[in-house]
Amino acid sequence: MKYAKFGFVMVVITLLFSGTLFASANAREIAIIAHPYFPMNSISASAVKHIYLGEKTSEGGVKIKPMEQRDEAIKKRFIEKVISSSVDGYKAYWIKKFFQEGVTPPTAKGTPSEIIQAISQTAGAIGYVWEDDIRGDSGVKVLLKIEVGN
């Protein structure tokens, strides 16, 4: 009986540990991308948050033009992880900001390839895509990668 309990505990520990490794190995990343001439080569998650909340609008004399995706899955992960808000909270924030300050929210694009293309053609543009959506020379530079889990 004593060995059976020990064996059971070892199996549970092994499953928990292997589950942690499995989850980590398959975790998705969001890449923060920008136009090749964007004045920064890296960025912090805090700075990205300020950009997407309309609090930071320029860098090095360049007007920042944030773009976001219409894909609800990545948008939800981005808002929860970077903005530290819910999608509904983020929408409410922008409605209030638009009517009180006249500031427009980030431009929404449909697909990852549309957002990559728009950013590669727009000076000062910044956006986010799944890391695996960036292939070869896509005409953008990666400023930050953020692990968002599975």
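Is arginine 28 buried, partly exposed or exposed? I looked this up before anything else and found a relative accessibility of 32%, so arginine 28 counts as partly exposed; I use buried for under 20% relative accessible area, exposed for over 50% and partly exposed for what lies in between, with a 1.4 Å probe and protein chains only.

**Ground rules.** I am working from a predicted model, in which local features need pLDDT of at least 70 and side-chain atom pairs count only at pLDDT 80 or more, while totals for chains, interfaces and linings use all residues. I number residues from 1 along each chain as its sequence is written, and side-chain values use heavy atoms, with hydrogens and water left out.

**Entry 1, the chain.** I noted five helices and seven strands in the protein chain, where helices (H or I, at least four residues) and strands (E, at least two) are DSSP runs numbered from the N terminus. Along the sequence they follow the pattern α-β-α-β-β-β-α-α-β-α-β-β. Of the 150 residues, 34% count as buried. I then turned to contacts, meaning heavy atoms within 4.5 Å: among those between residues at least 6 apart in sequence, 76% join residues at least 24 apart.

**Entry 2, salt bridges.** My search of the whole structure returned six salt bridges, each defined as a side-chain nitrogen of Lys or Arg within 4 Å of a carboxyl oxygen of Asp or Glu. Side chains of opposite charge can pair when their charged atoms come close.

I began with arginine 28, whose side chain meets that of aspartate 132 in a salt bridge at 3.2 Å, N to O. Arginine 28 belongs to strand β1 and aspartate 132 to the loop between β6 and β7, so this pair ties together parts that lie 104 residues apart in sequence. Aspartate 132 has a relative accessible area of 42% and is therefore partly exposed.

The loop between β6 and β7 came up again with glutamate 131, whose side chain forms a salt bridge with that of lysine 145 (3.3 Å, N to O). Because glutamate 131 sits in that loop and lysine 145 in strand β7, the pair ties together parts 14 residues apart in sequence. I recorded both as partly exposed, glutamate 131 at 28% and lysine 145 at 42%.

How far apart are the closest N and O atoms of lysine 75 and glutamate 68? I read 3.7 Å for this salt bridge, and here the partners are buried, lysine 75 with a relative accessible area of 11% and glutamate 68 with 6%.

**Entry 3, strand β4.** I looked next at β4, residues 65–69, which is largely enclosed by the rest of the structure because four of its five residues are buried. On pairing, which requires that DSSP find at least two bridges between two strands, I found β4 and β6 joined in the parallel sense over two bridges, with lysine 65 opposite alanine 125 in β6. Strand β5 (residues 107–109) also runs parallel to β4, joined by three bridges, and there glutamine 69 stands opposite lysine 109.

**Entry 4, nonpolar cores.** I took a nonpolar core to be a set of buried Ala, Val, Leu, Ile, Met, Phe, Trp, Tyr and Cys residues joined through side-chain atoms within 4.5 Å. The largest has 27 residues, and those with the most contacts inside it are Ile32, Ile43, Tyr52, Phe78 and Ile126. At least two residues each come from β1 (28–34), α2 (45–52), α3 (72–83), α4, β6 (125–130) and β7 (141–149), and the largest share, five residues, is supplied by α3. Following phenylalanine 78 outward, and not counting residues up to four places away in sequence, I listed contacts with Ile30, Ile32, Val48, Tyr52, Ile83 and Tyr128. A second, separate core has ten residues, among them Ala31, Ile115, Ala125 and Val140.

**Entry 5, lysine 97.** I found lysine 97 in helix α4, residues 87–101, and it counts as buried because its relative accessibility is 9%. Leaving out residues up to four places away in sequence, lysine 97 touches Leu53, Gly54, Gly102 and Val103.
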